[in-house]
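Visitor: I have the sequence and the model open side by side, and I'd like a close look at one part of it. Could you pick a pair of neighbouring strands and walk me through what holds on to what?

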Amino acid sequence: MPHRRPVMPLNLLTGTVTGTVAVTALVLSACSVSTSSPSSASTVADGAGTPGASASQAAAETAAPPTHPHQNSSDAPDWGAGSQGQQASEGSTLTVADVRVGNHPDEGYSRFVVEFDGQGTPGWSQPQWDIPASTMGKGDPIEVEGDYTMVIRGSGVAAVPPEGQRVSGHRQIELDDSANDDRSIDSAYIDPGFEGEFQVVLGTDSQTYRVFSLTNPTRLVIDIAHN
């Protein structure tokens, strides 16, 4: 049974890129994976489509091909990819537009996706585990359920959202309780922007993960492997 884990204030700095592994083209939502080498690019669909994950969520996207979560696969980034973080592209003026959570038991992972409006690509800090976290600005405690708490600070969002861009508010993400027995993300919180940063807090059942970005539309993807 997942249990509630209270968490308290936190300050993290964004990290530097060690790179992610390029991935192959998939059906429907084709988009390029961000890596440490600008010349290395491939495509993958984000595959996050759990019903009820977001009011504005579109129809479910095609999942990545099956791969054991503890083995490398040419069809997905290595587990551990993005662990050192990545810098946002210079001059990024993104806003968090949507978030969604998908569970992929056949592929052995659950997926959290942050979708952006605007120009540029997001950056993120080195993920931190089981440390205090709070909302940016107000500093209210964030509570998540799960055996572990994962905290990632992101960058590249506009301090003042440009006119016409979609903007998502900070909130606890509603998950599909029917998938509770075979998912590795038990709860999720998005803090969409404060002074050029955003924050993701996940309650998980595993510490095996990968983090990477996709384009068309611009997204940050966090996969948590099933135990």
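**A close look at S2 and S3**

Guide: Buried residues make up 54% of the 227 residues in the protein chain. Keep in mind as we go that this is a predicted model. The chain has 12 strands and 0 helices, so to speak an all-β read-out from start to end: β-β-β-β-β-β-β-β-β-β-β-β. Among contacts between residues at least 6 apart in sequence, 70% join residues at least 24 apart. As for the outside, the accessible surface comes to about 9700 Å², and carbon and sulfur atoms account for 50% of that.

Now for the sheet that holds our pair. Four strands form an open sheet in the order S2-S3-S12-S11, and the pairing is antiparallel. At its edges sit S2 (93-104) and S11 (209-214), each of which pairs on one side only. Going from one strand to the next, the twist averages 15°.

Zoom in on S2 and its partner S3, which covers residues 109-119. These two run antiparallel and share 11 bridges. Two of the partnerships are handy for getting your bearings: Thr93 in S2 is matched with Gln119 in S3, and Val101 is matched with Phe112. The hairpin that joins the strands has 4 residues between them, and Gly108 there takes a positive phi near 85°. You might expect an edge strand to be open to solvent, but check the numbers for S2: 11 of its 12 residues are buried, so the rest of the structure largely encloses it.

Next, the charges. Side chains of opposite charge can pair when their charged atoms come close. The model has 9 salt bridges by the distance rule used here. One of them sits right on our hairpin: Arg100 pairs with Glu115, with the closest N and O atoms 2.9 Å apart. Arg100 belongs to S2 and Glu115 to S3, so this pair ties together parts that are 15 residues apart in sequence. Both ends are out of the solvent by the under-20% cut-off: Arg100 counts as buried because its relative accessibility is 4%, and Glu115 counts as buried at 10%.

Glu115 has another partner as well. Its side chain meets that of Arg166 in a salt bridge, at 2.9 Å from N to O. Arg166 lies in the loop between S7 (148-155) and S8 (171-173), so here the tie spans 51 residues of sequence back to S3. Arg166 counts as partly exposed, with a relative accessibility of 37%.

Over on the other half of the sheet, Arg210 forms a salt bridge with Asp223, and the closest N and O atoms are 2.8 Å apart. This pair links S11, home of Arg210, with S12 (residues 219-225), home of Asp223, across 13 residues of sequence. Arg210 is buried, with a relative accessible area of 1%, and Asp223 is buried too, at 0%. Back at our hairpin, salt bridges that share partners join Asp98, Arg100, Glu115, Asp117 and Arg166 into one network. If you want a single selection to load in your viewer, those five names are a good place to begin.

Finally, follow Phe112 out of S3's pairing and into the packing. Besides being the bridge partner of Val101, Phe112 is one of the residues touched by Leu202. Leu202 sits in strand S10, residues 197-204, and counts as buried because its relative accessibility is 0%. Leaving aside residues up to four places away in sequence, Leu202 also touches Val144, Tyr148, Thr149, Met150, Ile185, Ser187, Ala188, Ile222 and Ile224. For a distance check in the viewer, the C-alpha atoms of Leu202 and Gln172 are separated by 9.9 Å, with the two residues 30 apart along the chain.

To put the close-up together: S2 and S3 are paired over 11 bridges, Arg100 and Glu115 form a salt bridge, and Glu115 also meets Arg166, while Phe112 is in contact with Leu202.

Methods:
Residues numbered from 1 in each chain as written. Predicted model: local features only at pLDDT ≥ 70, side-chain atom pairs only at ≥ 80, totals over all residues. Heavy atoms only, no water. Buried < 20%, exposed > 50% of the residue type's maximum accessible area, 1.4 Å probe, protein only. Contact = heavy atoms within 4.5 Å. Areas by Shrake-Rupley, 256 points an atom, 1.4 Å probe, with all protein chains shown as cover. Pairing = 2+ DSSP bridges. Axes fitted to C-alpha atoms, helices over the stretch in contact; angles between N-to-C directions. Salt bridge = Lys/Arg side-chain N within 4 Å of Asp/Glu carboxyl O.
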